[in-house]
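Student: I have a structure open and would like to talk it through with you. Could we take it step by step?

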Amino acid sequence: MKAPKFWMVIPALLVAGAVGLAYAKLPQAPMDDAAKAKAVEAKAKAAEAAKKDRALEEKAMDRAVERYKKEKGVKTAAAKKK
């Protein structure tokens, strides 16, 4: 008997789905105090890095705006007062 290729893929998809569901339902291991402290420290480091990256990004945006204004000859309020 010659089965269509579609029906040959179905068992593989069912097995993959069953493995995925079984893995998704596994509970997370409880964290001890040292692991919690380490997670909090990592979160703080990530927040500080994101803050620094945002500051650098804002500086770059400001430089781009100033360059655009300079090249296009746009007068700013500070330049008009002088």
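**Salt bridges and helices**

Tutor: Happy to! A good place to start is a network of salt bridges that links Arg54, Glu57 and Glu58. Keep in mind that this is a predicted model.

Student: Which residue forms a salt bridge with Glu57, and how far apart are the closest N and O atoms?

Tutor: Side chains of opposite charge can pair when their charged atoms come close. Glu57 sits in helix α2 three residues from its partner, about one helical turn away. That partner is Arg54, and the closest N and O atoms are 3.5 Å apart.

Student: And what is the N to O distance between Glu58 and Arg54?

Tutor: Glu58 and Arg54 are both in helix α2, four residues apart, which is about one turn. An α-helix has 3.6 residues a turn, so residues three or four places apart point the same way. The side chains of Glu58 and Arg54 meet in a salt bridge, with an N to O distance of 3.3 Å.

Student: Is Arg67 buried or exposed?

Tutor: Arg67 forms a salt bridge with Glu71, with 2.9 Å between the closest N and O atoms. Glu71 has a relative accessible area of 56% and is exposed. The cut-off for exposed is over 50%. Arg67 has a relative accessibility of 57%, so it counts as exposed.

Student: How does Arg54 count by relative accessibility: buried, partly exposed or exposed?

Tutor: Buried means under 20% and exposed over 50%, with partly exposed in between. Glu57, at 42%, is partly exposed, and so is Glu58, at 36%. Arg54 has a relative accessibility of 41%, so it counts as partly exposed.

Student: Let's move to the helices. What distance separates the end C-alpha atoms of helix α1?

Tutor: Helix α1 covers residues 5-24, which is 20 residues. At 1.5 Å a residue it should span 28 Å. The model agrees with this, since the end C-alpha atoms are apart by 29 Å.

Student: How many of the 20 residues of α1 are buried?

Tutor: For the protein chain, buried residues make up 0% of the 82 residues. Helix α1 lies largely in the open, because the number of its residues that are buried is zero.

Student: Which element has the lowest mean pLDDT?

Tutor: The protein chain holds three helices and zero strands, and its average pLDDT is 85. Helix α2 (residues 33-72) has the highest mean, 95. The lowest mean, 63, belongs to residues 77-81, helix α3.

How values were computed: Residues numbered from 1 in each chain as written. Predicted model: local features only at pLDDT ≥ 70, side-chain atom pairs only at ≥ 80, totals over all residues. Heavy atoms only, no water. Helix = DSSP H or I, 4+ residues; strand = E, 2+ residues; numbered from the N terminus. Expected span 1.5 Å × (residues − 1). Buried < 20%, exposed > 50% of the residue type's maximum accessible area, 1.4 Å probe, protein only. pLDDT = per-residue confidence, 0-100. Salt bridge = Lys/Arg side-chain N within 4 Å of Asp/Glu carboxyl O.
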